[in-house]
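Let's take a walk through this one together. Have the viewer open and follow along as we go.

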Amino acid sequence: MDENMKTSRRAFLRGSAAVAAGSVAGAASASGPDPLITELQDWASYTGAGVDETPYGMPIEFESHVVRRNVEWLTASPISSINFTPIHALDGTITPQGCAFERHHSGAIELRKEDYRLMINGLVDRPLVFTYEDLERFPRENHVYFCECAANTGMEWAGAQLNGAQFTHGMIHNMEYTGIPLRTLLQEAGADISSDKWVYVEGADASSNGRSIPMEKALDDCLVAFKANGEALRMEHGYPVRLVVPGWEGNMWVKWLRRIEIVDRAVESREETSKYTDVYEDGVARKWTWVMDAKSVITSPSPQMPIKHGKGPLVISGLAWSGHGQITRVDVSKDGGITWETARLGKQGDTKALTRFYLDMDWDGAPMLLQSRAMDDTGYVQPTKDQLREKRGENAVYHNNCIQTWYVNEQGIAENVEVS
Amino acid sequence: ERDGTFGLGREAHAEEIAAWDVDVLPDGRGLPVGSGNAFDGEEVFAEQCASCHGDFAEGVDNWPVLAGGFDTLADEDPVKTVGSYWPHLSTAYDYIYRSMPFGAAGTLTPDETYAIVAYILYSNDLIDDDFELSNENLGDFEMHNKDGFVIDDRPELEYAEWRAEPCMSNCKEEVEISMRSVFLVETPPEGGSESV
């Protein structure tokens, strides 16, 4: 097919889609026959795209709203900044890498596998240097984990601020990682793995993002990962190698990992003193608040996902997760927390991974105050924002795992609110 | 295979370790030999840092404030600076030497870094301008907020209380909306498709 024909056919397709739009909403109740059915449609007659058209595909153009977004005024520079996963528009649990959020401190760097080096030094028998090829020769494992920025929901401490689940809860992604247990590399170097030792990890980028990890965690479930969701890591997610620190704040998931050092105390780097420390109401700060506690959010309906279909069957859908282990239960309230019913899990929750929940309801068109409340296998119940503020005040910045409320009005429009 | 390992990788050279292992521990271990004072630091700071952090480390626009904010940590709007908040001076040296200036990291010499750190201390009224900061004394320098941090105490303060069967019905008398979202974030119309 020549270029002109392609263009004109696409223009025609768009035109017919627009015409069809008017009939979509009323199709179910229309008395007359639906032309989308009774008239021969273009796509049922002509041919579609050939297999040679798209060696690596992008989502269809009609899904162009399912993208990362940023909020310019949150940070001084887009180079040390954050963007947000469109969780409102996703379903299931696996985050497509192409719209999975980014958080950089000196931008997303381009590091070829050929230029990649990983060093292990410090309290080891053999300080070692690995190439990328070396890493692919170690026994590997696959695990699904969430990576949640410590600052996710952080703008909401003092009140309802940003209007959309993408913005209030979208500093998170959930991927299937392929990687080497960190303990394997520590053993390879003959590291001192006694329990009072620390593992300092840093990236190859200018910010380095150095963090100290206690030995117990390093030996437990940390992964040196080079694949996510089946393919190489994306540049912005640490290509070619990142650290995966299951259940712990995203800052510790060091990207472009270049060095692992065994030390006899925490380094107390900038990212664990100035940042990623939580100031409570008394002015005293908590350091080493590594674990992300149980949390959930209703992704639809939500401010970016209003109810458009009117009364009747409505799917309430959302995500729950816990850094302590498995999600065992999610309760949903439609009246701002007066009454709760237990939702259905899409499938049994994986440990330290996003879990999908659903509550299928019959909406009578009355306003709702929607909330979700996660429970994990330690028995921990997700707290309200007031419960959190009572313990911590409003300046903790990080680790806001409060129950979120969406006000849904008679028109199905949803809004981020706080309730008494 | 050597002693139960895979025999992968190769021994790191001393020069390689020296090039990459520049972290500094709170007690000063890891500091390179060198020194600098605030008098020297003022010049370096003006050239390398002031365009974002201000002539007096007070911050420009949205860029980080490095000085002041003492005893504001329990206020409604705490000002967390190197002077008011950071527990260890080692972190300032380490971070500046490794990651600053923003956009040209790794270009400062040890002496320049000592001088910049001294200037930041001076801007925080923590030293006189002739105080000579060096690898000998940096690790002993006591920061204002050195005792301001406790290790994560959520297990005692929160988990014990919040691991309990939650209320399911009649949990409150009534519910009122107490706050609505302040910022309407601009988002493209939902549905890239013209049919939505």
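How many disulfides does the structure hold over all chains? The count is 1, and keep in mind as you look for it that this is a predicted model. The bond joins B:Cys167 to B:Cys171, with a sulfur-to-sulfur distance of 2.1 Å. Turn it in your viewer and you'll find a left-handed link, with -100° about the S-S bond. Is B:Cys167 buried, partly exposed or exposed? It counts as partly exposed, because its relative accessibility is 37%. B:Cys171 falls in that class too, since its relative accessible area is 25%.

What about cysteines outside that bond? A:Cys222 is in no disulfide: the nearest cysteine sulfur belongs to A:Cys147 and is 12 Å away. A:Cys222 has a relative accessibility of 2%, so it counts as buried. B:Cys49 is in no disulfide either, and its nearest cysteine sulfur, on B:Cys52, sits 9.1 Å away. A disulfide needs the two sulfur atoms within 2.5 Å. B:Cys49 is also buried, because its relative accessibility is 12% and the cut-off is under 20%.

Before going further, a word on confidence. Chain A averages a pLDDT of 93, and 93% of its residues score at least 70. The stretch to watch is residues 1-26 of chain A, where pLDDT stays under 50. For that stretch the model has 21 contacts beyond four places in sequence. Where pLDDT is low, the predicted coordinates should not be read in detail.

Now for the empty space inside. A search of the whole structure turns up 5 cavities of 30 Å³ or more. The largest cavity has a volume of about 230 Å³. Which residues lie nearest its centre? They are A:Arg103, A:Arg242, A:Gly250, A:Trp253 and A:Lys255, out of a lining of 23 residues. By character, that lining splits into 7 nonpolar, 10 polar and 6 charged residues.

Staying in chain A, find A:Trp256, in the loop between β11 and β12 (257-263). Its phi is near 50°, a positive value in a residue other than glycine. A:Trp256 counts as buried, because its relative accessibility is 2%. A:Lys352 has a positive phi as well, near 55°, and again the residue is not glycine. You'll find A:Lys352 in the loop between β19 (344-345) and β20. At 12% relative accessibility, A:Lys352 is buried.

Where does the backbone take a cis turn? One place is the peptide bond from A:Tyr239 to A:Pro240, which is cis with omega near 5°. A:Pro240 lies in the loop between β10 (231-232) and β11 (242-244). Another is the bond from A:Ser300 to A:Pro301, cis with omega near 0°. That proline, A:Pro301, is in the loop between β15 (295-300) and β16 (312-321).

Next, move to strand β20 (residues 355-363) of chain A and pick out A:Arg356. Is A:Arg356 buried or exposed? It counts as buried, because its relative accessibility is 3%. Its C-alpha is 6.0 Å from that of A:Thr93, though the two are 263 residues apart along the chain. Leaving aside neighbours within four places in sequence, the contacts of A:Arg356 include A:Asp91, A:Thr93, A:Thr299, A:Ser317 and A:Arg344.

A:Thr153 makes another good stop, in the loop between β5 (141-148) and α4 (165-169) of chain A. With a relative accessibility of 1%, it counts as buried. Beyond its neighbours within four places in sequence, A:Thr153 is in contact with A:Thr168, A:His169, A:Lys295 and A:Asn400.

Finish in chain B, at helix α4 (residues 89-99). Why is this helix described as largely enclosed by the rest of the structure? Because 10 of its 11 residues are buried. Among them are B:Leu89, B:Tyr93, B:Asp94, B:Ile96 and B:Arg98. And what covers these buried residues? The cover includes β7 (198-203) of chain A, along with α5 (110-123) and β3 (132-134) of chain B.

Notes:
Residues numbered from 1 in each chain as written. Chains lettered and ligands numbered in written order. Predicted model: local features only at pLDDT ≥ 70, side-chain atom pairs only at ≥ 80, totals over all residues. Heavy atoms only, no water. 1 Å grid on protein atoms, 1.4 Å probe; cavity = no way out; pocket = protein on both sides within 12 Å on 5 of 7 lines; lining within 4 Å. Points joined across faces, edges and corners; volume = space filled by probe spheres on them. Nonpolar A, V, L, I, M, F, W, Y, C, P; charged D, E, K, R; others polar. Buried < 20%, exposed > 50% of the residue type's maximum accessible area, 1.4 Å probe, protein only. pLDDT = per-residue confidence, 0-100. Contact = heavy atoms within 4.5 Å. Helix = DSSP H or I, 4+ residues; strand = E, 2+ residues; numbered from the N terminus.
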